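Here is a short briefing for a first look at one protein model. Keep the structure open while you read.

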Amino acid sequence: MNIQENISLKNYNTFGIGAIAKFFLEINSLLQLQKALQLSAYPEKFIISGGSNMLLTKDIDALVLHINLKGISVFEDDDETVVIKVMAGENWHELVLWSLELGYGGIENLSLIPGNTGTAPIQNIGAYGVELKDVFVSCQAMHIKTQELHEFTKEDCKFGYRDSIFKNDAKGEYIITSVKLKLTKNGHTLNTFYGAIEEELEQNNIIHPTIKDVSNAVIAIRKNKLPDPAEIGNSGSFFKNPVVSKKIFEAFQKKNPDAPYYEMGDKKFKIPAGWLIEQCGYKGKRFGDAGVHPKQALVLVNYGNATGEEILDLAFTIKKAVLDKFKISIVPEVNIIK
Ligand code: EPU
């Protein structure tokens, strides 16, 4: 096995944090993963895949396993739908483009989300009215301690808003190795009700959009609002949008009648954290190389050489400001590695 030493992880996490991995190994097959997990000379292992939802705040004194499992295959196929099996190391957006090329619908609203397919279930990625769970069938994951492969059905995964069993009961216990998704071949269900998508389609005079049109609209919206990690380090939304009870929401709304919100059903209300942060004056603010994106206050950015600690300090400052001003607690969506 080609274990490398003292490797910078700057190009392996979308925040572009230059933490050092003491040991580093590229994983290209399930067998190799099994063997690597059994290496007793390296008792501490750390898993990295697309690195799109993590903030590294220190060097990693462990064997870093970079999950690079590749391959997409058709698992089931009938007149209406197709079930595809995607290996964990496949880039998510390239998968979306692949599915559009073949005319498969279901993930077009999830265009341009950074990261790999294997990590998509962990936080149940979502955007513009669609979440991974809407097309998810199951995933296969390797148990880190026993190296056994387990199949998790959609129910097993206990998906919620940016949440799953892999962030809770099963946290740190499994490595997702592949994901099965069910996509439509015809009669696609288009989700264009999200305001920004409707506007984008209208501007382009598209009345009967195809899945490709929806994807193009999402790409245009994201490019306009969200920084490209290849240019400015970031991890997408840093915080989750807080979900509050009706009682808390009503008190909040009384004081902030213009605040945007989404009614979630079940007497729960979601308040956009980006709005809360902007109201606290942090949108576009920069402290050294750590900053808040000028077009979307929910996104923290690394303008070059910010450390993970500097980003984390900024996150704490923002969290405190929001709590002081609105009495609402916002929590990170990003996995913080301490
Ligand atoms: N807003 C502000 N100021 C800001 C940002 C947002 O006032 O700086 C307001 C907007 O005007 C709008 C509302 O907040 O009224 C919602 O904004 P937006 O539509 O941009 O969506 P979001 O709630 O901020 C969520 C996801 C994004 C996803 C978008 C679109 C979370 C944590 N974030 O953001 O996901 O792309 O909706 O569906 O749920 C990600 O997870 O990395 C991500 C980018």
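The points below cover the ligand first and the strands after that.

This is a predicted model. A shell of 23 residues surrounds its ligand. The ligand lies between domain 2 (72-225) and domain 3 (233-332), because both give residues to that shell.

**The shell around the ligand**

- Begin with the closest residues, which are Tyr128, Tyr161, Arg162, Tyr194 and Glu278.
- By type, the shell holds 11 nonpolar residues, 5 polar ones and 7 charged ones.
- Three elements each supply at least two residues of the shell: α5 (211-225), β13 (233-237) and α7 (273-279).
- The largest share comes from α7, with 3 residues.

**Polar contacts and burial**

- Tyr194 is one of the closest residues, and an N or O atom in its side chain is 2.5 Å from an oxygen atom of the ligand.
- For Gln296, an N or O atom of the side chain is 3.0 Å from a ligand oxygen atom.
- Lys283 has a polar side-chain atom that lies 3.2 Å from an oxygen atom of the ligand.
- The protein buries 81% of the 820 Å² that the ligand exposes when taken alone.

**An open sheet of 4 strands**

- Follow the strands in the order β1-β2-β5-β3; they form an open sheet.
- The pairing in this sheet is mixed.
- Which strands stand at the edges? They are β1 (4-8) and β3 (45-48).
- Each edge strand has a single partner strand, so one side of each is left without a neighbour in the sheet.
- Neighbouring strands of the sheet are turned against each other by 45° on average, direction ignored.

**The pairing of β1 and β2**

- Strands of a sheet pair through backbone hydrogen bonds, either parallel or antiparallel.
- Here β1 and β2 (residues 20-27) run antiparallel, and 4 bridges join them.
- To find this pairing in the model, look for Glu5, which stands opposite Phe23 in β2.

**The hairpin of β6 and β7**

- Strand β6 covers residues 72-77 and strand β7 covers residues 81-87.
- How many residues does the hairpin use to join β6 to β7? The link runs through 3 residues.
- The two strands pair in the antiparallel sense over 5 bridges.
- Ile72 has Val86 in β7 as its bridge partner.

Note on methods. Residues numbered from 1 in each chain as written. Predicted model: local features only at pLDDT ≥ 70, side-chain atom pairs only at ≥ 80, totals over all residues. Heavy atoms only, no water. Near = heavy atom within 4 Å. Polar contact = N/O pair within 3.5 Å; in protein donor to acceptor, adjacent residues only side chain to side chain. Areas by Shrake-Rupley, 256 points an atom, 1.4 Å probe, with all protein chains shown as cover. Nonpolar A, V, L, I, M, F, W, Y, C, P; charged D, E, K, R; others polar. Domains from an automatic or database assignment. Pairing = 2+ DSSP bridges. Axes fitted to C-alpha atoms, helices over the stretch in contact; angles between N-to-C directions.
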